[in-house]
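Please examine the structure shown below. The paragraphs that follow take up a helix, the nonpolar cores and the cysteines in turn.

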Amino acid sequence: MKNEKVKLTINGAEIEVPREYTVLDAATEAGVHIPTLCHLDLHDLKMVNRTASCRVCMVEVEGKPNLAPACATPINDGMIISTDTIKAINARRMAVELLLSNHPTDCLICQKNLQCELQTLAHRLSVREIKYTGEAMTTHLDTSSQSLVKNQNKCILCRRCETACNEIQTCGILTALNRGFHTTVGPAFNLPMQETSCTYCGQCVAVCPTAALTEVNHVPKVWDALNNEDKYVIVQTAPAIRVALGELFDMEAGSIVTGKMVSALRKLGFDKVFDTDFGADLTIMEEATELIDRLENGGRLPMLTSCCPAWVSFIEHQFPDLVDVPSTCKSPHIMFGTISKTYMAEKLNIDPQKITVVSIMPCIAKKAEAARTELALDDDNNVDIVITTRELAAMIKEAGIDFNKLPDEDFDHPLGETTGASVIFGTTGGVIEATMRTAYEWLTNEKLENVEFDQLRGFEGIREATVPINGKDIHIGIAHGLGNARQLLEDIRSGKSQYHAIEIMACPGGCIGGGGQPYHHGNDVVVKKRQEALYKEDKNKEVRQSHKNKEIIELYDSYLGKPYGELAHKLLHTKYTPKERI
């Protein structure tokens with residue numbers, strides 16, 4: 001029965017909890033810590049991994065002959081549970097020791113050193129030696145993709161990545177292969193990741209407890225560029241970075257560190273430090289114009305936002321018949337890279353061939369996106385190197401910079417002025433809200449008194465809202481997480497969709513929950529605090545609509561011409577290609 005409560009005893013203390021709880025849920029509510037490794041439960045994101053494969057959360061249940069995994073054992077009325085007995089503690093330690101017996105011991109040079117959950121757990125359980133020796137698994141390292149590295153030798157078969165890939169994102173790329181000692185997790189037929197339909201959303205990387213899945217490390221490329229005197233190296237930072245970077249320097253989740261981030265980037269040696277928010281404002285100019293054009297001239301509806309490369313890859317592989325639905329706009333950081341090597345290069349009198357554009361992104365899919373040939377300009381990549389929030393923090397620490405004591409500094413100009421509309425690109429609902437702030441005024445020729453569209457905000461996986469404009473209701477759909485996106489795309493394919501525009505972001509929460517952000521270890525409160533911080537920064541901006549950005553206006557007046565015009569279309573738009581689903 002729903003809302004029914006049951007009484008049980010944990011370590012001698014009686015508690016009352018909902019009947020649908022597991023032993024682990026009950027212990028957590030009672031303030032009793034039970035260590036876990038494979039378990040992951042993001043309630044708001046509807047991601048639950050309860051495979052009980054690691055056997056680390058074992059507890060004693062009175063009346064049962066064997067220990068029980070707390071994460072997968074449902075509670076009963078009158079249950080008596082002990083989590084701190086010698087038997088339970090020894091079982092946990094043995095489980096970790098067995099995992100370590102089949103795990104590489106290169107912790108000092110591992111990409112997740114000090115961020116590895118297995119390492120942390122071994123330390124907490126005082127594991128100081130490898131008791132069980134013998135044959136260890138040895139498999140190949142998959143470095144085929146531009147975005148992620150798969151190191152099966154470090155996999156502990158927790159199956160978190162499978163849950164993220166198959167249940168949350170519905171991509172269906174990862175699964176268990178073989179049996180027994182030879183069991184691995186990977187694509188069907190053990191295909192290289194590059195040959196699959198992987199979108200590189202990075203959610204498998206985000207939930208992996210070890211370094212079995214990591215982003216491709218591009219930090220050495222950045223150092224090489226910075227040390228090359230013949231290169232003019234500029235950097236741009238996505239909106240989601242400023243509300244997450246502080247976590248890697250022991251700041252509270254949601255701390256806004258924009259000024260310190262700019263200061264740190266200058267200390268690292270970048271010639272110019274820019275904000276991808278400028279590219280986001282530019283995207284709105286093009287995207288809002290494209291939406292109006294489709295609405296007024298019988299274009300393909302609904303129009304889907306195209307800022308997220310993982311989502312674009314998803315539709316190319318999973319819904320190739322719908323590739324005419326997304327906006328043709330390039331993503332903000334690609335647009336910024338294009339303008340940097342054209343307009344800015346002319347303005348600063350710099351040879352575009354000498355410019356290296358580095359993007360700092362919350363997303364590992366941006367690494368693969370930057371290498372897409374259809375986004376290049378005259379066979380030259382608009383963006384040369386992409387690093388994640390985590391990689392930036394590693395560079396700052398490597399350089400010995402005391403981040404917390406840095407003064408606040410401003411972005412460089414030109415291309416440095418941004419608006420509140422561009423800031424909220426980093427959260428689910430933000431792109432379509434920014435679009436509507438501009439489209440409303442262009443369609444009505446009236447001032448939008450309240451630029452905040454509360455009906456477009458929230459954290460539900462699928463949301464919908466109606467925005468009345470000129471006596472017509474514009475129906476908006478929003479989805480974050482590719483599993484939710486699939487539902488909306490199925491409706492479009494079947495003809496059931498009544499939306500005029502849809503925003504889709506591949507990562508749960510949007511870019512703030514991207515695969516390149518600081519690991520939140522299943523704490524969705526962290527992601528929500530990042531979202532709140534972006535809305536706060538938007539509110540504090542003097543200008544909150546993209547079409548009122550003075551540097552954007554100057555860019556169109558002096559260089560691009562009109563939005564969605566001939567030159568803008570050549571530089572800022574692209575096309576999508578149906579791809580085989582593998």
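**Helix, cores and cysteines**

Helix 14, spanning residues 430–444, comprises 15 residues, and the distance from its first C-alpha to its last is 21 Å, close to the 21 Å expected at 1.5 Å a residue. The model in which this helix appears is a predicted one. Of the 15 residues of helix 14, 14 are buried, so the helix is largely enclosed by the rest of the structure. Just after helix 14 comes Asn-445, which adopts a positive phi of about 60°.

The interior may be considered next. In soluble globular proteins, nonpolar side chains tend to be buried together. The largest nonpolar core here contains 62 residues, of which Leu-245, Phe-270 and Leu-392 touch the most other members. The element that gives the most to this core is helix 10 (residues 332–348), with seven residues. When neighbours within four places in sequence are left aside, Leu-392 is in contact with Ile-241, Leu-245, Met-261, Leu-265, Leu-268, Ile-360 and Ile-387. A second core, separate from the largest, has 44 residues, among them Cys-198, Tyr-200, Val-312 and Phe-314.

The cysteines remain. A search of the whole structure finds zero disulfides. Cys-116 is in none, and the nearest cysteine sulfur, that of Cys-110, lies 6.3 Å away, whereas a disulfide requires two cysteine sulfur atoms within 2.5 Å. Cys-116 is buried, with a relative accessible area of 10%. Why does Cys-307 form no bond with Cys-329? The sulfur of Cys-329 is the closest cysteine sulfur to that of Cys-307, but the two are 7.6 Å apart, too far for a bond. Cys-307 is likewise buried, at a relative accessible area of 12%.

Key. Residues numbered from 1 in each chain as written. Predicted model: local features only at pLDDT ≥ 70, side-chain atom pairs only at ≥ 80, totals over all residues. Heavy atoms only, no water. Buried < 20%, exposed > 50% of the residue type's maximum accessible area, 1.4 Å probe, protein only. Core = buried A, V, L, I, M, F, W, Y, C linked by side-chain atoms within 4.5 Å. Helix = DSSP H or I, 4+ residues; strand = E, 2+ residues; numbered from the N terminus. Contact = heavy atoms within 4.5 Å. Expected span 1.5 Å × (residues − 1).
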